[in-house]
Amino acid sequence: MPLTPTYSWAQDDATATISISLPSSAAASRNTRVECTEAAVKLTCPPYFLQLDLFGDVDDGKSKATIDNRSVEVVVYKKSPGQWPGLKTTLPPDEAKSRRAAAVADKERRDAAALADKREKKRQDDDYVFHKQWDLEKDEKRTIERLAAEHKREAERELYRWADDAEGRAAPEGEEELVTYFDKQLVEGGELEVKDGVVPLPGTYHRKTKRSDIVASALSEAPRRNFDIRAGGGGEGE
């Protein structure tokens with residue numbers, strides 16, 4: 001039969017703090033586990049077990065537990081600020097059990113969705129690195145291609161000047177803007193000249209590596225929906 005540890009609690013309008021007393025050897029055990037849902041707090045630390053159906057709903061994403069060598073402290077954040085008349089719910093046992101089960105199912109669903117998002121974000125991050133390497137290679141090829149085109153254009157100018165001088169013709173006015181194959185693929189950036197001592201960033205050749213989008217994405221834990229390959233996502237559309 002599991003043993004029920006002693007506990008006390010305190011509250012303010014925003015939080016409730018539950019302090020659970022355990023023997024030193026039990027609290028230090030690697031088997032100590034604290035679970036929190038919107039409706040309940042559960043502690044498992046063989047041979048001790050405690051399950052509390054809370055009076056009100058809490059934000060399990062913010063809740064935290066601190067384990068030391070003699071106690072476990074659990075802080076839960078109330079969804080609706082205010083004072084509770086007691087720590088535990090006043091619902092009948094069957095209703096409390098149903099509420100607890102629904103909260104567990106909801107937490108499992110949210111945890112599964114968060115894990116799927118984490119895996120998709122990692123895939124997108126890996127995909128970003130892959131396409132960014134392409135950007136660097138294309139930028140290098142673009143630079144070489146532009147230099148070659150500039151040399152070719154200068155050689156043509158010299159040839160035209162020689163022909164014009166020899167035949168007494170006037171040189172044609174104006175030249176078309178120099179546009180290379182990789183210039184046409186640019187999505188963002190692409191400056192080549194160093195200005196005020198600042199070396200320009202490599203150009204972007206794919207929507208997945210646009211700096212204006214990737215900075216915001218890097219600061220978020222959520223994957224980029226427009227590049228989500230999961231069913232119902234935005235897909236990989238260009």
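This is a short walk through one protein chain, from its overall layout to a few of its side chains.

The model is predicted, so local features are taken at pLDDT of at least 70 and side-chain atom pairs at pLDDT 80 or more, while totals for chains, interfaces and linings use all residues. Residues are numbered from 1 along each chain as its sequence is written, and side-chain values use heavy atoms, with hydrogens and water left out.

I start with the layout. The protein chain has three helices and seven strands. Both are DSSP runs numbered from the N terminus: helices are H or I with at least four residues, strands are E with at least two. In sequence order the pattern is β-β-α-β-β-β-β-β-α-α.

How much of the chain is buried? Of the 238 residues, 30% are buried. Here buried means under 20% relative accessible area, exposed means over 50%, and partly exposed is in between, with a 1.4 Å probe and protein chains only. The chain exposes about 15800 Å², and carbon and sulfur atoms supply 54% of that area. The areas come from the Shrake-Rupley method with a 1.4 Å probe; for residues, only the protein chains shown count as cover.

Next, contacts, which means heavy atoms within 4.5 Å. Among contacts between residues at least 6 apart in sequence, 58% join residues at least 24 apart.

Now the interior. In soluble globular proteins, nonpolar side chains tend to be buried together. A nonpolar core is a set of buried Ala, Val, Leu, Ile, Met, Phe, Trp, Tyr and Cys residues joined through side-chain atoms within 4.5 Å. The largest one here has 18 residues, and those with the most contacts inside it are Ile 18, Val 41, Leu 43, Leu 54 and Val 76. Strands β2 (15–21), β4 (40–45), β5 and β7 are the elements that give two or more residues to this core. Take Leu 43 as an example. Apart from neighbours within four places in sequence, its contacts are Ile 20, Leu 22, Arg 33, Val 34, Tyr 48, Phe 49, Leu 50 and Val 72.

Tyr 48 is worth a stop of its own. Tyr 48 is in strand β5 and counts as buried, at 18% relative accessibility. Its C-alpha atom is 6.2 Å from that of Pro 5, although the two are 43 residues apart along the chain. Just before it comes Pro 47, in the loop between β4 and β5. The peptide bond from Pro 46 to Pro 47 is cis, with omega near 10 degrees. As background, most peptide bonds are trans.

On to the rings. How many aromatic pairs does the structure hold? There are two. Rings of Phe, Tyr and Trp (its six-membered ring) pair if their centres lie within 6.5 Å; planes under 30 degrees apart are stacked, over 60 edge-to-face, and the rest tilted.

One pair is Phe 55 with Trp 84: the centres are 6.3 Å apart and the planes are at 50 degrees, so the pair is tilted. Phe 55 lies in the loop between β5 (48–53) and β6 (58–67), and Trp 84 in the loop between β7 (71–78) and α2 (93–167), so the pair ties together parts that are 29 residues apart in sequence. Phe 55 is partly exposed at 29%, whereas Trp 84 is buried at 9%. Trp 84 has another partner: the charged end of Lys 78 sits over its ring, 4.9 Å from the centre. For that label, NZ of Lys or CZ of Arg must be within 6 Å of the ring centre and within 35 degrees of the ring normal.

The other pair is Phe 130 with Trp 134, with centres 5.2 Å apart and planes at 45 degrees, so this pair is tilted. Both residues lie in helix α2, four residues apart, about one turn of the helix. Phe 130 is partly exposed at 43%, and Trp 134 is partly exposed at 40%.

Helix α2 also holds Glu 120, which counts as buried at 4% relative accessibility. Beyond residues up to four places away in sequence, Glu 120 touches Pro 223, Phe 227, Asp 228, Ile 229 and Arg 230.

Last, the cysteines. A disulfide is a pair of cysteine sulfur atoms within 2.5 Å, and a search of the whole structure finds zero. Cys 36 is buried at 11% relative accessibility, and Cys 45 is buried at 0%.
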